[in-house]
Amino acid sequence: MKITRLLWAGALVAGLVPLSAMAGNVAAGKEKSAVCAACHGQTGQSVSPDFPNLGGQHEDYLYRVLLDYKAGHRKNPIMAAQVENLSKADMADLAAYFAAQSGLFVKR
Ligand code: HEC
């Protein structure tokens, strides 16, 4: 009985580790997003059709795409400059923040 519980707990922890390794902090992301708001809007509703909406997009997608801009796998001169000084933790926080916003268009 005890052994089974131990194995179960171990499997749970093993499963959660990769998730928590990239899980960003929404509050920290909000602070770091001030610079992004100029184009993408404060809550990820972009200020013009030239910029994609980030609000409500999947966290893992947003994180991935930021890594890709930084690594040069996705090429865009504007975004390349934006991610230049961001750490992986910064990107995870930003992804968490924008993913936590509504994806629905809200009238400003
Ligand atoms: C000067 C305007 C500008 C600023 C500031 C800016 N971005 Fe962007 N962002 C863009 C443009 C333009 C694109 C579309 C680029 C492309 O086609 O790949 C984009 C694309 C993105 C995408 C991809 C969206 C998708 O749906 O694939 C993400 C994520 C993103 N930006 C995050 C950020 C974050 C986080 C910040 C702040 C650190 C930021 N951006 C600051 C202009 C900006």
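Helices here are DSSP runs of H or I with at least four residues, numbered from the N terminus.

**Figure 1. The whole chain, an all-in-one look at a predicted model.** The protein chain has 6 helices and 0 strands, so reading along the sequence simply gives α-α-α-α-α-α. Of the 108 residues in the protein chain, 31% are buried. Take the contacts with a separation of 6 or more: 68% of them come from residues 24 or more positions apart. The close-ups below pick out a helix pair, two buried residues and an aromatic pair.

**Figure 2. Helix α4 against helix α6.** Here we have residues 59–71 (α4) and residues 88–99 (α6), packed at an angle of about 140° with their axes 8 Å apart. How do the two helices sit relative to each other? Anything over 145 degrees would count as roughly antiparallel, and the angle here is about 140°, so α4 and α6 come out as oblique to each other. Their crossing is right-handed. On the α4 side, the contact is made by E59, L62, Y63, L66, L67 and K70. The α6 side brings in K88, M91, A92, L94, A95, A96, F98 and A99. Sorted by class, this contact of α4 with α6 has 11 nonpolar and 3 charged residues, with no polar ones.

**Figure 3. A closer look at M91 in helix α6.** Is M91 buried or exposed? Its relative accessible area is 2%, and the limit for buried is under 20%, so M91 is buried. M91 is also one of the α6 residues that make the contact with α4. Setting aside residues up to four places away in sequence, M91 touches Y63, L66, L67, K70 and L86. Among these, Y63, L66, L67 and K70 belong to the α4 side of the helix contact. G29 makes a nice sequence-versus-space example: M91 and G29 are 62 residues apart in sequence, yet 8.1 Å apart in space, C-alpha to C-alpha.

**Figure 4. G44, in the loop between α3 and α4.** The loop that holds G44 follows α3 (37–40) and leads to α4. With a relative accessibility of 0%, G44 counts as buried. Which residues does G44 contact, leaving aside its neighbours within four places in sequence? They are N53, L54, G55 and F98. Y97 is worth picking out too: it lies 53 residues from G44 along the chain, and the C-alpha atoms of the two are separated by 9.1 Å.

**Figure 5. Y97 and F98, an aromatic pair.** How many aromatic pairs does the structure hold? Just 1. Y97 and F98 form it, in an edge-to-face arrangement, with 5.1 Å centre to centre and 65° between the planes. Both Y97 and F98 are buried. F98 also turns up in two of the earlier views: it is among the α6 residues in contact with α4, and G44 is in contact with it.

Note on methods:
Residues numbered from 1 in each chain as written. Predicted model: local features only at pLDDT ≥ 70, side-chain atom pairs only at ≥ 80, totals over all residues. Heavy atoms only, no water. Phe/Tyr/Trp six-rings, centres within 6.5 Å; stacked < 30°, edge-to-face > 60°. Buried < 20%, exposed > 50% of the residue type's maximum accessible area, 1.4 Å probe, protein only. Axes fitted to C-alpha atoms, helices over the stretch in contact; angles between N-to-C directions. Parallel < 35°, antiparallel > 145°, perpendicular 65-115°, else oblique. Left-handed = near helix turned anticlockwise from the far one by under 90°. Contact = heavy atoms within 4.5 Å. Nonpolar A, V, L, I, M, F, W, Y, C, P; charged D, E, K, R; others polar.
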